[in-house]
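Biologist: Mind walking me through this one? I'd like to hear what stands behind each label.

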Amino acid sequence: WNRGYDKKPLDEVLQIGAVKLEGLGGRITDTFNAYIRPQVHQKLNPPAKRLPELERILSSEQTFPAAEAAPEEALARRIAVFPDSFFVAVADGEIAGFINGCVTDDRVICDAMFEDPAYHKPDGQYQAVFGLDVSPRYQHQGLAHRLMEHLIADARRRGRKGLILTCKEHLIGFYGSFGYQNLGVSASVHGGAVWYDMILIF
C-alpha cells in the first residue's frame, strides 16, 4: 500500500476511512477507504484536514478510565502501523467514535500487544479489538454496534478466521450479541482490571 501509481515507494502515507450511516444509530450505507500523500490533505474538506492531529483528538475523546485508556503516542503508533483496521466514525464534522486493533495469529490478546506494534501481522488470522469507544454525546444511539459490525464485516472480507478481544464481565453479554464466545478470565492485567477473553470465529 505504500507505493504510488508510479510504483515508487512513498515516504509517508495517510489513510482516510469513513463510514456513512443512515442517520445516527442507522444502518451503514457506504464506506470509503483511501491512501493519500500527506501534502494532499491540505486540499481536502475540514474534517480530513484534522488527520495530522487525529491521535490527539482521539485521546481526548476516549471514555475509558485513565489506567486503561491508550495514551496519545500509543494511538499514533496504531494509526501508523495498522491503518487498515483503525476506523473512525464522524458525525456533524466531529469524531463520534472509533474502533481499532492489530491483526495476529494469536487467539487471545496479551498486554504487550497494546504497546508493541511488532505484534501486528498484516496477513494474520484474527482481527484483534483494542478499543471500541464512542463519545458521550453519541452514546446509546447504536454507534458502538455499527462500528463493531463494520470491523467484523471488514475482517470477514479480508479472509480472517475471526476476531478476538478482552472485556469486563458486564460487557460479556454485549459482545456475545455479535457472536463472540467467552473463553474465561484473561491473563491480561491491563489497567489493573479483571478481563475476559472473547473470540468470534467465522
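Modeller: Sure, starting with a term: a residue is buried under 20% relative accessible area, exposed over 50% and partly exposed in between, with a 1.4 Å probe and protein chains only. By that cut-off, 42% of the protein's 202 residues count as buried. This is a predicted model, where local features need pLDDT of at least 70, side-chain atom pairs count only at pLDDT 80 or more, and totals for chains, interfaces and linings use all residues. Residues are numbered from 1 along each chain as its sequence is written, and side-chain values use heavy atoms, leaving out hydrogens and water.

Biologist: What makes a set of residues a nonpolar core?

Modeller: Its members are buried Ala, Val, Leu, Ile, Met, Phe, Trp, Tyr and Cys residues joined through side-chain atoms within 4.5 Å. The largest such core here has 25 residues, and Met148 is among those that touch the most other members. Helix H4 (143-157) and strand E8 (162-167) are among the elements giving two or more residues to this core, and H4 brings the largest share, 6 residues.

Biologist: Why is H4 called a helix?

Modeller: Helices are DSSP runs (H or I, at least four residues), numbered from the N terminus. H4 has 15 residues, so that minimum is met.

Biologist: How do you know that its span agrees with expectation?

Modeller: The expected span is 1.5 Å times one less than the number of residues. For H4 that gives 21 Å, and the end C-alpha atoms are 21 Å apart, so the two agree.

Biologist: Which residues of H4 are buried?

Modeller: Among them are Leu143, Arg146, His150 and Asp154.
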